[in-house]
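Subject: Structure handover

Hello,

Here is the structure I promised to pass on. Please open it first, then read the notes underneath.

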Amino acid sequence: MDIKTQIKTLIQEAELYRTQGLLKESKVKYNKILSLIKSSVQIKNRESLMGSITRKIVALDNEILKLAKAPSIIEIPEKIQDLIKKQFAFAAKDEDSAAIEGAIALAKFGQFERALKEFNLLLDKDAVRVVAAKNIIRCCMTRTSVEDAVTEYEKWLSGGKFSSSQLNSVRSFLGDILAKKGIAKTLSPVPDNEPPEKIENAPDEELPEEEYLDISAIKVTLEDGPQKGKSLEFDVNFQSGNVLSLIISSRDKSLIDNLAVGLKLSNVQFFSPIAIFEGTGIIAEKTQIGTGPKRGDYSLDIKILSTN
C-alpha cells in the first residue's frame, strides 16, 4: 500500500473513531498519521498536512481533557441510588434478575461507578455471570474506551471464574460490537480446556439470558416529523430482556424531540451477533441524564414489540 493510501485509510479510521466518541483511539490513529508524514519527505504538501493533523490532535486532547474534568464522581447520594435500583428492580422475577435490573438502571442514569461495582459483584453468581459481564462491556464502551472493554475480557480469560462456554458467549458479544464499529481488533481465543460434562450442562446455565438475543445496534426509519423517511442507526448501550437503552447526545435536539414516549416504530432493524432481523418497537421511556460524563444527554428505552 502506498503512503497516500495508508494516510487516507488512517484518516478514515481516525474520523470513524472520533464520530463514535472513541477519542483516545482516534488520537492514536492521528499520531500514526503524523509519524508517517514526518518520515515521508516525498510528500509535497508535507508541512501543511502536518499542521492539519497536529490541530486535530490538539482538538482531541482538548475534548479528552474536557471529558476528564467532567464530574465522574457519584453526584447522586447513595440513598437516591438505592431508590433507583429499587424502583427499576421491583418487577424482576427473582433476586438475581432484580440485581441486574437495578445495576442497569444505575448505568442508564449515568451512575457508572456504582453500576460497575454492582455488575462486578454479580460475576460471582453463575446464573447471571454472562449477563453481568456483557453489561460491564457495555459500561466500558459507553463510559471509557474500547481498550478498557477488551482489558476486562482478557482479565476474565485468565481469571478462572468463567466456563469456556460463558467466555465464548462474551467474546462473540464483544467481537460483534467491535465489528459493528469498524474496529479491527483481534480478541484472544478462549482456551478449550473445559471438561466435556461441563460443556454438556452449559446451555442450561444461560437459558434465562437466551430468551432474547443480544442486540448491539438498531436502525430506525422515522415515519413522522422533520426527519420523516430518514434512516438512523444507533448503538445499543444497555439491554434488559426486550428493552433496549440508547444514549442520544443532547446535540441531536430535533431528533430527541421527535422521539416521544409512546411513539411506535414500525420499521426497525435489529443487529445481533448471529442475525440481522426486522421488527417493531415502541419508545417506552425517555430520560435526561442529570449527572456524570453523559450529563445532559438522553437515555431512551425502546421496547421490542415484535420481530419477523
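**Strands first**

T280 stands opposite S306 in β7. That is one position in the pairing of β6 with β7 (residues 298-307), which run antiparallel and are joined by nine bridges. Please keep in mind that this is a predicted model.

On to the other pairing of β6. Strand β5 covers residues 264-271, and strand β6 covers residues 276-288. They pair in the antiparallel sense, over six bridges. A hairpin of four residues links β5 to β6. Two positions are worth finding on screen. F270 stands opposite F277 in β6. L265 has G281 in β6 as its bridge partner.

**The whole sheet**

In what order do the strands of the open sheet lie? The order is β2-β1-β5-β6-β7-β4-β3. That makes seven strands, with antiparallel pairing. At the edges are β2 (231-235) and β3 (238-240), and each of these pairs on one side only. Neighbouring strands are turned against each other by 35 degrees on average, direction ignored.

A helix packs on this sheet too. Helix α7 touches β3 and β4 (243-248). The direction of α7 makes about 150 degrees with that of β3.

**The cores**

Now for the nonpolar side chains. In soluble globular proteins, such side chains tend to be buried together. Here the largest nonpolar core has 40 residues. Which of its residues touch the most other members? They are F119, I137 and W156.

Five elements give two or more residues each to this core: α5 (95-108), α6 (112-122), α7 (129-143), α8 (146-159) and α9 (164-180). The largest share comes from α7, with nine residues. Recall that α7 is also the helix that packs on the sheet.

F119 is a good place to zoom in. Leaving out residues up to four places away in sequence, F119 touches I100, A103, I104, A132, N135, I136 and C139.

Apart from the largest core lies another, of 22 residues. Among its members are I248, I283, L300 and I304.

**Where to look**

Start at T280 and S306, which stand opposite each other. Follow the sheet out to its edge strands, β2 and β3. Then go to α7, which touches β3 and β4. From there, move on to F119 and its contacts, including A132 and I136.

Best wishes

Conventions: Residues are numbered from 1 along each chain as its sequence is written. This is a predicted model: local features need pLDDT of at least 70, side-chain atom pairs count only at pLDDT 80 or more; totals for chains, interfaces and linings use all residues. Side-chain values use heavy atoms; hydrogens and water are left out. Two strands pair if DSSP finds at least two bridges between them. A nonpolar core is a set of buried Ala, Val, Leu, Ile, Met, Phe, Trp, Tyr and Cys residues joined through side-chain atoms within 4.5 Å. Buried means under 20% relative accessible area, exposed over 50%, partly exposed in between (1.4 Å probe, protein chains only). Contact means heavy atoms within 4.5 Å. Axes are lines fitted to C-alpha atoms, for helices over the stretch in contact, and angles run from 0 to 180 degrees between N-to-C directions.
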